[in-house]
Amino acid sequence: MTIHLEIMSPIKRAIVSVTNKTGIVNFCKDLTALGIEILSTGGTAKVLRDAGIKVIDVSAYTASPEVMDGRLKTLHPKIAGGILAERNNPKHQKAMQELGIEPIDLVCVNLYEFENTVAKSDVTLARAIENIDIGGPTMLRAAAKNYSHVTVVCDSVDYEALIQEIKKNKGSVSQATRLRLAYKVFQKTSAYDTAICSYLAGHIESDAPMFPLSLTLS
């Protein structure tokens, strides 16, 4: 398979929302130094602000407050549409203009630590369920699907190399890198869903066979 090393337009806007905040301050300092606007949520926004980084709250950006104890914050057309829109599709561009949606060019997200939560001996089913991430996988999968136009990063080990590439390419990221990072997202989300499925299987009382009809290994 041939991968074209096409360079996309410069990154102008990023959304950053991470549970594991390793390296996130330096990464976002580098992004802002490159002139990239940062949208963020909750604890991530606070950490960045405390480090002196300018951040726009997602709730202010969407004009929609975080509700339901934070369960609903990034599931909004201005976020999903900004990530999913094809930049070279006139219909998508028209819809963005009509709905006031701005493009989001970079998505930096990692997920609620479900496996760490359920590994605790005293964890309850209710607590485990509350640690199933919804908005995070949605943004990651949307960005990975639209990798032709969006850069997605789900692992702090990729921060430094990504910054170097953005600098080298004057604000842009190659399609080869975007595809590699998108592939990594689907690895991550697949393993995440498998962990949830495995945990819930232990709480189902039934006469079902020991193994399900399909078994995902990660």
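This section describes the strand order, pairing and helix packing of the sheet in a predicted model.

The sheet is open and is built from five strands, arranged in the order β3-β2-β1-β4-β5 with parallel pairing. Strands β3 (56–57) and β5 (151–153) occupy the edges; each has a single partner strand, so one side of each is left without a neighbour in the sheet.

Strand β1 (13–17) is joined to β2 by four bridges, and the two run parallel. Within this pairing, I15 stands opposite L39 of β2. Four bridges also join β1 to β4, again in the parallel sense, and here V16 has C108 of β4 as its bridge partner. Five of the five residues of β1 are buried. The burial extends to both faces of the strand: R13, I15 and S17 lie on one side, A14 and V16 on the other. V16 is thus recorded both as a buried residue and as the bridge partner of C108.

The connection between β1 and β2 includes helix α1 (residues 24–33), and the three elements make a right-handed β-α-β unit. Towards the other edge, strand β4 (residues 106–109) pairs with β5 over three bridges, also parallel. In this pair, L106 is matched with T151 of β5.

Two further helices pack on the sheet. Helix α2 (residues 42–50) lies across β1, β2 (37–40) and β3, and runs at about 135° to β2. Helix α8 (residues 135–145) lies across β1, β4 and β5, with an angle of about 145° to β4. Strand β1 is therefore crossed by α2 and by α8.

Terms used:
Residues numbered from 1 in each chain as written. Predicted model: local features only at pLDDT ≥ 70, side-chain atom pairs only at ≥ 80, totals over all residues. Heavy atoms only, no water. Pairing = 2+ DSSP bridges. Contact = heavy atoms within 4.5 Å. Axes fitted to C-alpha atoms, helices over the stretch in contact; angles between N-to-C directions. Buried < 20%, exposed > 50% of the residue type's maximum accessible area, 1.4 Å probe, protein only. Right-handed = clockwise from strand over helix to strand, strands pointing away.
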